[in-house]
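Me: I should like to go through the terms used for this model one by one. For each, please set the computed value against the criterion behind the term.

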Amino acid sequence: MTRKAVPIEEIAANRCFGGWHRRYRHYSATLRCEMVFAVYLPPQAADARVPALYWLSGLTCSDENFMQKAGALRVAAELGIAIVAPDTSPRGAQVPGDPDGAWDFGHGAGFYVNATQQPWAEHYRMHDYVVFELPELIEASLPVNTRRGLSGHSMGGHGALVCALRNPGRYRSLSAFAPISHALASPWGEKAFSRYLGADRSAWKAWDACELIAAGVGERLPLLVDQGLADGFLAEQLQPETLRQACAAAGHPLTLRLQAGYDHSYFFIASFIDDHLRHHAAALLP
């Protein structure tokens, strides 16, 4: 049976490396607001449906940061892989943000969880949006097939790990840049989880990568992680050694590369994105 495409509105299109970078707007039933996402369709998409790498961005970002700064499109065109970049949270006048106007919660900081607490529960369901609604929309509307990879940076790295671990069979490949590896022990994660999920810390474990790995949740997709050693958030927020310990104890395949001199910026991501694209291509391409 052919799936009926949900209406999407193209709001921008740019020719790039023989393919097309396109931005779309649509109404999300999951988030109950309009959302914008970007897709890079490589040249191969003109003749066949192609696999897709879904990229989850970090705090304060939107779809535009990765597409414009990561330098990923040349190799994506070479390999024949689409890249999908959703926004990092629901947005709009009807969507509550941080009551104090802080940058690390609310708009731009959805943390890829399904909120259970008010006033966040109505809109902040980024997990279900990223894992279910958005791929279904894209696969019904664009020349993209169901072979999916998942990656992300910082808060988005946390999101990539958690979404893949919680949903075995949905993804064929996984990687991350400087992920928030142990969110329930990170100040960023504690702030977000206490508001989105409530005061019961035991409920937070279902949204923490290290806790999910320790519990043996999900399939053991080989995990590639790059982390800059000059990253100002390294010790307090990101905790890659905790991720290494969790993977070692659980037997989860992990390649953790600690990169001397690199920080948390898109200069760091651009330096190693080609390796990540080829890591995903090994699993996504026939």
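Me: Why is leucine 184 called buried?

Reply: The model is a predicted one. Leucine 184 has a relative accessible area of 11%, and buried means under 20%. The value falls under that cut-off, so leucine 184 is classed as buried.

Me: Where does leucine 184 lie, and which residues does leucine 184 touch?

Reply: Leucine 184 is placed in the loop between strand E7 (173–177) and helix H5 (187–196). With residues up to four places away in sequence left out, leucine 184 touches Glu190, Phe193, Arg201, Trp204, Lys205, Asp208 and Glu211. Contact here requires heavy atoms within 4.5 Å. As for alanine 203, 19 residues apart from leucine 184 along the chain, the two C-alpha atoms are separated by 10.0 Å.

Me: Why is strand E4 described as largely enclosed by the rest of the structure?

Reply: Strand E4 covers residues 50–56, and 7 of its 7 residues are buried, so the description as largely enclosed follows.

Me: What makes E4 and E6 paired strands?

Reply: Pairing requires at least two bridges between the strands. E4 and strand E6 (residues 144–152) have 6 bridges, in the parallel sense, so they meet the criterion. Within this pair, leucine 53 stands opposite glycine 149 in E6.

Me: How do you know that E4 also pairs with strand E5?

Reply: The same criterion of at least two bridges applies. E4 is joined to strand E5 (residues 82–86) by 3 bridges, and the strands run parallel. Tyrosine 54 has valine 84 in E5 as its bridge partner.

Me: Which residues have the most contacts inside the largest nonpolar core?

Reply: They are Phe66, Ile83, Phe111, Ile138, Leu150, Phe193 and Tyr196, in a core of 94 residues. Helix H9 (residues 266–284) gives the most to this core, with 8 residues. Phenylalanine 111 has among its contacts beyond four places in sequence Leu59, Met155, Trp188, Phe193 and Tyr196.

Me: What makes the space lined by Leu165, Leu212 and Ile213, among others, a cavity and not a pocket?

Reply: In a cavity a 1.4 Å probe fits but cannot get out, whereas a pocket is open. The search of the whole structure finds 1 cavity of 30 Å³ or more, and the space in the largest cavity is about 50 Å³. Its lining has 5 nonpolar, 3 polar and 2 charged residues.

Me: Which residues lie nearest the centre of the largest pocket?

Reply: Leu59, Thr60, Cys61, His153 and His264 do, out of 14 lining residues. The largest pocket holds about 190 Å³ of space.

Definitions and conventions
Residues are numbered from 1 along each chain as its sequence is written. This is a predicted model: local features need pLDDT of at least 70, side-chain atom pairs count only at pLDDT 80 or more; totals for chains, interfaces and linings use all residues. Side-chain values use heavy atoms; hydrogens and water are left out. On a 1 Å grid over the protein atoms alone, a cavity is a set of points where a 1.4 Å probe fits but cannot get out, and a pocket is an open set with protein on both sides within 12 Å along at least five of seven lines; lining residues have an atom within 4 Å of a point. Grid points are joined across faces, edges and corners, and a volume is the space filled by probe spheres set on the points. A nonpolar core is a set of buried Ala, Val, Leu, Ile, Met, Phe, Trp, Tyr and Cys residues joined through side-chain atoms within 4.5 Å. Buried means under 20% relative accessible area, exposed over 50%, partly exposed in between (1.4 Å probe, protein chains only). Helices (H or I, at least four residues) and strands (E, at least two) are DSSP runs, numbered from the N terminus. Ala, Val, Leu, Ile, Met, Phe, Trp, Tyr, Cys and Pro count as nonpolar, Asp, Glu, Lys and Arg as charged, and the others, Gly among them, as polar.
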